[in-house]
Amino acid sequence: MTTTAKEFQNHIGGKWQSAQSGKTFPNHNPATGEIIGHFPLSGKVEADAAVAAARSTFEKWRLVPAPYYMGGEGRRLFGYTVPVELPNKSGIAMRDPIGVVACITPWNFPVAIPTWKMFPALVAGNTVVIKPASDAPLSALRLVEILYEAGLPDGVVNIVFGPGGTVGDALLHHPDVAVVSFTGSTESGRHVAIEAAKSLKRVSLEMGGKNAVIVLDDADLDLAIEGILWSAYGTTGQRCTACSRVIVHSAVRKQLIEKLVPRIEQLRLGNGLDETVDVGPVINASQLEKIHSYTGIGKVEGATLVTGGSIAREGELARGHFYHPTLFTDVRPDMRLAQEEIFGPTLSVIEVASFEEAIAVNNDSKFGLSSAIYSQDINRLQRAMRDITTGILYINSGTTGAEIQFPFGGNRGTGNGHREAGIAGIDVFNEWKVVYNDYSGKLQKAQIDQTEL
Ligand code: NAP
């Protein structure tokens with residue numbers, strides 16, 4: 001295995017620098033096991049230095065008009081004016097930046113998620129420290145490089161590599177970090193919320209999912225199968241919005257499974273850089289073991305393993321972390337298989353007898369990110385729009401495919417009420433300030449004085 005891979009550095013206050021300890025950690029390609037690069041094994045010292053750089057730059061950065069640096073939302077940081085109760089007085093609500101934002105990001109979507117966090121934070125006038133996931137540090141780094149190549153002033157965006165338990169925790173506890181924007185597992189998110197609450201930081205959490213595709217008795221089954229395959233096995237099930245449950249009406253269950261299974265068995269496993277590959281590797285050895293453990297759990301719980309269910313070791317696949325696309329049927333809604341996030345290419349089929357039961361099973365989850373429903377019945381689709389309790393609902397397409405102009409996020413164990421993307425994605429990074437301007441030249445008492453005609 002090669003050890004000559006490039007060594008990368010943190011970016012703090014406009015300077016590329018190694019960890020003070022001089023130590024690094026390797027990042028591996030999960031398809032081949034090769035080392036992609038070595039990254040600084042940072043700790044509290046580097047996290048503190050990054051916050052200090054972001055803090056000192058904040059006073060200048062917050063005064064830079066957003067459209068200088070940004071198109072799009074930078075021009076749409078709308079406030080509003082509202083009529084006030086008294087004459088010769090006006091009121092406006094305007095947005096203020098908050099300060100230093102810590103962005104803690106997961107390994108999946110290593111470009112998109114830092115982008116979704118960083119740009120709204122910057123446009124809103126804040127400075128940023130990014131702590132990328134240790135399993136996928138390189139993409140976030142490239143994003144930072146591009147920003148500086150484009151002329152971003154030093155210190156506005158800082159990046160610190162290192163373990164969540166040290167660098168992440170140092171950011172959570174730093175008094176100069178005003179906002180924490182976290183994406184990752186529900187377990188880590190809970191820790192982030194508890195620790196950040198101790199210093200009353202604002203926290204935005206985007207966490208796990210257990211997303212379902214509902215297939216009703218009048219669904220276009222061929223269309224549903226395309227959506228299921230892409231949502232469940234595309235990106236190897238490693239999306240927060242990936243489909244891991246199919247809730248199917250008993251009238252079409254047999255037909256759906258008969259069509260679905262051969263399509264799953266045709267999926268080609270391999271290196272994701274090969275365009276003919278359908279299903280890539282999973283991120284690391286421990287995640288591979290976790291996925292495989294759910295196959296054991298499903299069997300013990302009494303679900304039927306129809307296809308897959310094993311680690312792929314054929315030929316070149318043995319070099320990486322690959323799992324055969326897996327399908328379980330006869331899954332009950334209360335099984336762990338149907339309730340816990342697996343984050344891999346494992347799909348469970350749950351049979352229901354009615355539309356109402358399908359909605360109830362869909363909503364009966366500690367997560368609440370994304371749902372999909374296949375039907376031709378406009379009335380039932382309208383009811384689904386009303387009754388489904390996830391943050392995202394797709395009608396006649398799979399559970400993935402969110403677009404940046406809309407609020408993104410979920411309910412219950414998936415989120416804590418904030419959203420990313422669109423104009424809603426900026427809200428978490430601003431404080432509202434209301435300015436009352438009394439130009440009457442006398443004391444006017446709101447809620448007490450009456451306007452005389
Ligand atoms: P993770 O293990 O929770 O890690 C996420 C980030 O938190 C990483 O940067 C990690 O650092 C850091 N971290 C870990 N422990 C920490 C601590 N004690 N204090 C501060 N930071 C800490 O999640 P993951 O495995 O990278 O990502 C997969 C998860 O993300 C899945 O659950 C998926 O559903 C979820 N996700 C959700 C969304 C959404 O928008 N809802 C989108 C994508 C992914 P290290 O890497 O150094 O451990």
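**Notes on the predicted model**

1. Let me start in the middle of a sheet: I104 has F182 as its bridge partner in β10. Bear in mind throughout that this is a predicted model. I104 belongs to a strand that is mostly covered, β7, which spans residues 100-104 and has five of its five residues buried. The link between β7 and β10 is parallel and consists of five bridges.

2. Look at how the side chains of β7 are arranged. V100, A102 and I104 point one way, V101 and C103 point the other way, and all of them are buried. So much for that strand's two faces; now its other partner. β8, residues 127-131, also pairs with β7, in the parallel sense and over five bridges. If you want a register check here, A102 has V129 as its bridge partner in β8.

3. Which strand does β10 pair with in the parallel sense over five bridges, apart from β7? That would be β11, made of residues 202-206. For the register, T183 stands opposite E206 in β11. As for cover, β10 runs from 177 to 183 and is mostly covered, with six of its seven residues buried.

4. There is also an antiparallel piece. Three strands make an open sheet, in the order β5-β6-β21. Its edge strands are β5 (80-81) and β21, each of which pairs on one side only. Two bridges hold the antiparallel pairing of β5 with β6, the latter covering residues 89-97. Within that pairing, Y80 has A93 of β6 as its bridge partner. As a general reminder, the strands of a sheet pair through backbone hydrogen bonds, whether parallel or antiparallel.

5. On to a helix. In α11 (residues 355-363), the buried residues are F355, A358, I359, V361, N362 and N363, so you will find two asparagines named there along with the hydrophobic side chains. What do these buried residues pack against? The list has strands β12 (211-215), β13 (243-249), β16 (346-352), β18 (370-374) and β20 (411-412), plus helix α12 (378-387).

6. I388 ties into that same neighbourhood. It sits in the loop between α12 and β19 (392-395). Is I388 buried or exposed? Its relative accessibility is 9%, and the cut-off for buried is under 20%, so I388 counts as buried. Setting aside neighbours within four places in sequence, I388 is in contact with I214, I359, N362, N363, S371 and L393. Of these, I359, N362 and N363 also appear among the buried residues of α11. For a sense of distance, take K201: I388 and K201 are 187 residues apart in sequence, and their C-alpha atoms are 31 Å apart in space.

7. Two backbone angles deserve a look. F109 is not a glycine, yet has a positive phi of about 50°. The residue lies in the loop between β7 and α3 (112-123), and at 32% relative accessibility F109 counts as partly exposed. Q447 is the other case: again not a glycine, with a positive phi of about 70°. Q447 is found in the segment after β21 (430-438), and its 67% relative accessibility makes it count as exposed.

8. Now the whole chain. Its secondary structure comes to 13 helices and 21 strands. The radius of gyration is 25 Å, close to the 22 Å that the globule rule gives for 453 residues, so the chain is as compact as a globular protein of that length. Along the principal axes, the C-alpha atoms fill a box of roughly 80 × 65 × 35 Å.

9. On burial and contacts, 53% of the 453 residues in the chain are buried. Take the contacts between residues at least 6 apart in sequence: 71% of them join residues at least 24 apart.

10. Last, surface and charge. The chain has an accessible surface of about 20,300 Å², with 54% of that belonging to carbon and sulfur atoms. There are 41 positive and 48 negative charges, and the mean positions of the two sets are 4 Å apart.

Notes
Residues numbered from 1 in each chain as written. Heavy atoms only, no water. Helix = DSSP H or I, 4+ residues; strand = E, 2+ residues; numbered from the N terminus. Rg over C-alpha atoms; globule rule 2.2 N^0.38 Å. Buried < 20%, exposed > 50% of the residue type's maximum accessible area, 1.4 Å probe, protein only. Contact = heavy atoms within 4.5 Å. Areas by Shrake-Rupley, 256 points an atom, 1.4 Å probe, with all protein chains shown as cover. Lys, Arg positive; Asp, Glu negative; His and termini not counted. Charge placed at Lys NZ, Arg CZ, Asp CG, Glu CD. Pairing = 2+ DSSP bridges.
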